[in-house]
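The following exercises practise the reading of a protein model. Please study the sequence and the structure before attempting each task.

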Amino acid sequence: MKAITLLGSTGSIGTQTLDIVAQYPDQFRIVGLTAGRNVTLLAQQIRQFRPEIVAVCDEDKLLELKDAIAELDPQPILLAGESGVVEVAQYGDAQAVVTGIVGCAGLLPTIAAIKAGKDIALANKETLIAGGPVVNPLIEKYGVKILPADSEHSAIFQCLQGVMVGGLRRIILTASGGSFRDLPIDKLAGVTVADALKHPNWSMGQKITIDSATLMNKGLEVIEAHYLFGMDYDDIDIVIHPQSIIHSLIELQDTSVLAQLGWPDMRLPLLYALSWPERIHTDWERLDLVKAGDLTFREPDHEKYPCMQLAYAAGRAGGSMPAVLNAANEQAVALFLQEKIQFLDIPKLIEKACDKHQVDNCESPALDDILAADRWARQEVLADSMELGDRILSVR
């Protein structure tokens with residue numbers, strides 16, 4: 001039975017991970033849980049899975065959580081705040097830590113888990129995008145495994161099983177195209193938050209759904225693939241695949257192409273990350289190619305989706321630039337979700353922050369440099385968004 005700690009238990013990744021644990025109680029047990037501020041759901045999870053240690057990121061929610069599980073005996077260790085999440089990540093005999101925290105907030109607890117010798121089931125792509133220059137050396141130093149738990153990188157990882165070192169020639173990431181894949185570019189200026197959150201294929205959290213609508217998620221995945229698989233950016237391509245049946249592909253040196261297929265279901269990559277190198281039999285719906293129907297592909301429209309090129313440029317710049325890209329995107333998406341900016345303002349704000357950072361890009365950043373770049377980028381986007389709002393008001 002594998003012991004697991006789950007960071008971000010009340011989010012989309014967290015709840016699906018716990019569905020797997022509940023379905024396979026003889027395979028997995030929960031050691032620790034962390035959540036943001038959803039105390040009601042977290043309390044239910046504590047009662048069902050009986051973790052040894054729990055942290056709620058919002059310190060104001062700690063007393064409410066204590067009251068919600070007051071009847072439990074024994075009581076788990078209860079912590080709060082960022083330090084509490086870090087403590088849970090490095091605690092006890094958990095063999096693997098599932099990083100389901102959204103955004104750069106997952107970086108510090110992931111580093112703590114690595115230093116504690118725990119394997120990482122990586123669902124938080126920002127860990128490598130922002131922290132790759134720091135995280136990759138730590139993975140090697142502490143001898144832990146990093147197992148991708150998102151669909152695209154899991155597909156690549158699965159296809160690579162049995163491929164000899166040096167056999168990989170190219171990575172091909174597939175993208176659904178997001179909420180606006182069939183919307184003409186001249187209609188994007190008027191789209192709303194509600195429009196952007198209507199993903200045609202996947203059920204995901206709000207932030208990643210907006211990233212899918214801008215295709216920034218695919219740009220971020222390019223940077224993550226660079227760090228995970230050691231591929232040059234020239235050898236990582238993106239293709240639009242509206243059906244989301246092929247989750248990504250690899251091309252080998254002899255031009256053979258391998259693909260991983262399945263219904264759009266995040267449980268499959270999560271299960272593989274938890275069970276690797278084994279395969280666990282499931283009763284989930286099996287892929288029926290006739291039912292799936294036609295599988296189509298098209299080239300991404302870089303004019304419609306400028307975020308992809310911004311990500312490639314940030315990845316090639318390296319250093320602290322990917323951290324700035326990631327933080328600027330997080331802040332811009334948050335502003336859009338709050339309806340403080342328009343959809344097309346997202347790439348504009350990101351590009352402006354990255355342009356400003358060029359003179360200060362740190363080529364070999366330490367953790368403090370990455371965290372400083374992250375804070376700086378968020379502040380810049382907030383300031384630029386206020387200027388943008390002032391200009392809109394003056395025009396009106």
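The model is predicted.

**Exercise 1. Determine whether Asp265 and its salt-bridge partner Arg267 are buried, partly exposed or exposed.**

Solution.
Step 1. Asp265 has a relative accessibility of 23% and therefore counts as partly exposed.
Step 2. The cut-offs explain this: buried requires under 20% relative accessible area and exposed requires over 50%, with partly exposed in between.
Step 3. For Arg267 the relative accessible area is 23%, so this residue is partly exposed.
Step 4. The side chains of Asp265 and Arg267 meet in a salt bridge, with a distance of 2.8 Å from N to O.

**Exercise 2. Describe the salt bridge between Lys356 and Glu380, and place both residues in the chain.**

Solution.
Step 1. The closest N and O atoms of Lys356 and Glu380 are 2.8 Å apart. A salt bridge requires such atoms to be within 4 Å.
Step 2. Lys356 belongs to helix H15 (residues 345–357) and Glu380 to helix H16 (residues 367–395), so the pair ties together parts that are 24 residues apart in sequence.
Step 3. Lys356 is partly exposed, its relative accessible area being 32%.
Step 4. Lys356 and Glu380 also take part in a network of salt bridges with Lys352, Asp384 and Glu387.

**Exercise 3. Explain how Lys207 and Asp211 are placed in helix H9.**

Solution.
Step 1. Lys207 and Asp211 are four residues apart in helix H9 (residues 206–214), which means that about one helical turn separates them.
Step 2. The two residues form a salt bridge whose closest N and O atoms are 2.6 Å apart.
Step 3. Both Lys207 and Asp211 are buried.

**Exercise 4. Compare the settings of Asn38 and Asn124, two residues with a "binding site" annotation in UniProt.**

Solution.
Step 1. The annotation comes from an unreviewed UniProt entry and includes Asn38 and Asn124.
Step 2. Asn38 lies in the loop between strand S2 (28–35) and helix H2 (39–49), whereas Asn124 lies in the loop between strand S6 (119–122) and helix H6 (126–142).
Step 3. Asn38 has a relative accessible area of 35% and is partly exposed; Asn124, at 1% relative accessibility, is buried.
Step 4. Leaving aside residues up to four places away in sequence, Asn124 touches Thr99, Ile101, Val102, Gly103 and Gly106.

**Exercise 5. State how the protein is divided into domains, and how far apart the domain centres are.**

Solution.
Step 1. Domain 1 covers residues 2–148 and domain 2 covers residues 317–394.
Step 2. Taken over C-alpha atoms, the two centres are separated by 28 Å.
Step 3. Eleven residues from domain 1 and twelve residues from domain 2 take part in the contact.

Definitions and conventions:
Residues numbered from 1 in each chain as written. Predicted model: local features only at pLDDT ≥ 70, side-chain atom pairs only at ≥ 80, totals over all residues. Heavy atoms only, no water. UniProt positions renumbered as here; feature names shortened; annotations may be inferred. Helix = DSSP H or I, 4+ residues; strand = E, 2+ residues; numbered from the N terminus. Buried < 20%, exposed > 50% of the residue type's maximum accessible area, 1.4 Å probe, protein only. Contact = heavy atoms within 4.5 Å. Domains from an automatic or database assignment.
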